[in-house]
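User: Please take a close look at one part of this model, starting from a single position and working outward. What surrounds it, and how does that part fit with the rest?

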Amino acid sequence: PPLAEQRRIVQKAEELFKIIDALQEHQDSLLDKLDLIRRTALDKAIRGQLTEQHADESLSPEVLQLPELNGPFELPVNWKWVKVKDLLLKHLGGGTPSRHVPEYWNGPIPWASVKDLKGSRLVRTAESITESGLANSPSNLIPAGSLIVCMRMALGKILKTAIDVAINQDLRAIFLKNELISDDYFINFYQTLTFVGRGSTVKGITVDDLLNIKVPLPPLAEQERIAAKLESMFSAVSTVEQLLQNTAAEFDQDAA
């Protein structure tokens with residue numbers, strides 16, 4: 001175009017880019033606030049401040065017989081600090097079949113590593129192994145419905161597997177005593193933890209670290225109310241997040 005038109009185009013483009021930058025900054029601010037809502041709700045939940053307490057509810061006799069522990073904050077009168085190891089039926093680690101044996105790989109058994117732990121449920125894995133690969137490695141087959149946590153790299157990550165899956169050495173499956181603690185409450189609690197990994201190259205936690213984590217344990221009925229309240233809140237937050245992302249995508253498309 002003529003020079004005068006070029007100048008008008010540049011001026012208009014600069015005005016539009018300023019609007020886009022302002023909207024992006026506003027969106028980022030809103031997303032940060034939604035994340036803060038999530039973290040605040042989880043923190044209040046494990047302190048007994050999110051739902052109404054029922055003085056007539058009590059912990060199981062097994063929990064009441066456990067030694068008294070001091071925790072980082074005060075609990076409601078019918079709650080108790082316990083350790084993860086007090087709540088487990090068992091826990092299992094994993095391993096990796098030899099990469100030098102092709103017969104161990106690309107079989108019918110899903111095999112999970114840290115990179116597969118996305119979202120809140122494990123439904124597929126990038127790699128798979130054979131029965132021979134499972135039998136000739138330290139890996140274990142974890143049944144669907146089990147909880148899996150990261151022991152290295154993605155510390156603090158926890159999810160429930162929707163499939164039977166073999167796991168590698170960076171993961172650990174935990175099997176809770178559900179008469180003492182629900183999976184949903186434990187998942188919510190675990191997401192409030194902050195981990196400081198050990199090791200000079202790959203940061204991680206030990207099995208002993210995991211087993212000795214202190215858990216603020218309410219009665220089962222309270223655990224269920226907490227999980228239901230958080231699910232309702234997080235569903236609303238996710239709806240707003242999706243709306244923001246969709247609006248931003250539409251604006252980007254229109255601008256283009």
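Analyst: K177 counts as buried, at 17% relative accessibility (buried means under 20% relative accessible area, exposed over 50%, and partly exposed in between, with a 1.4 Å probe and protein chains only). The model is predicted, so local features need pLDDT of at least 70 and side-chain atom pairs pLDDT 80 or more, while totals for chains, interfaces and linings use all residues. Numbering runs from 1 along each chain as its sequence is written, and side-chain values use heavy atoms, with hydrogens and water left out.

K177 sits in the loop between β10 and α4. Helices (H or I, at least four residues) and strands (E, at least two) are DSSP runs, numbered from the N terminus. Leaving aside residues up to four places away in sequence, K177 touches E62, D86, L87, L88 and L89, where contact means heavy atoms within 4.5 Å. Of these partners, L88 and L89 fall within strand β2 (88-92).

The loop leads to α4. Seven of the eight residues of this helix are buried, so α4 is largely enclosed by the rest of the structure. The buried ones are D183, Y185, F186, I187, N188, F189 and Y190.

One of them, F186, belongs to the largest nonpolar core, which has 38 residues; F186 and V215 have the most contacts inside this core. Strands and helices both feed the core: two or more residues come from each of α1 (3-45), β1 (80-83), β7 (147-150), β10 (171-176), α4, α5 (207-211), β11 (214-217) and α6. The helix that follows the loop, α4, gives the most, with five residues. A nonpolar core here is a set of buried Ala, Val, Leu, Ile, Met, Phe, Trp, Tyr and Cys residues joined through side-chain atoms within 4.5 Å.

What does F186 touch, not counting residues up to four places away in sequence? Its partners are V84, L147, I158, I174, L176, I181 and V215. A second, separate core of 13 residues includes A112, L122, I148 and L159.

On the other side of the loop is β10, part of an open sheet of five strands in the order β2-β10-β7-β8-β4, with mixed pairing. At the edges stand β2 (88-92) and β4 (121-122), each with a single partner strand, so one side of each has no neighbour in the sheet. Strands β7 and β10 run antiparallel and are joined by four bridges (two strands pair if DSSP finds at least two bridges between them). Within this pair, L147 has I174 in β10 as its bridge partner, and L147 and I174 are both touched by F186.

The model also has an open sheet of four strands, in the order β5-β3-β9-β6 and again with mixed pairing. Its edges are β5 (127-129) and β6 (141-142); each has a single partner strand, so one side of each is left without a neighbour in the sheet. Strand β3 (residues 105-112) runs antiparallel to β5, and four bridges join them. There P110 stands opposite S128 in β5.

For contrast with K177, consider R225 in helix α6. R225 is partly exposed, with a relative accessible area of 24%. Residues up to four places away in sequence aside, R225 touches T51, E52, H54 and E57.
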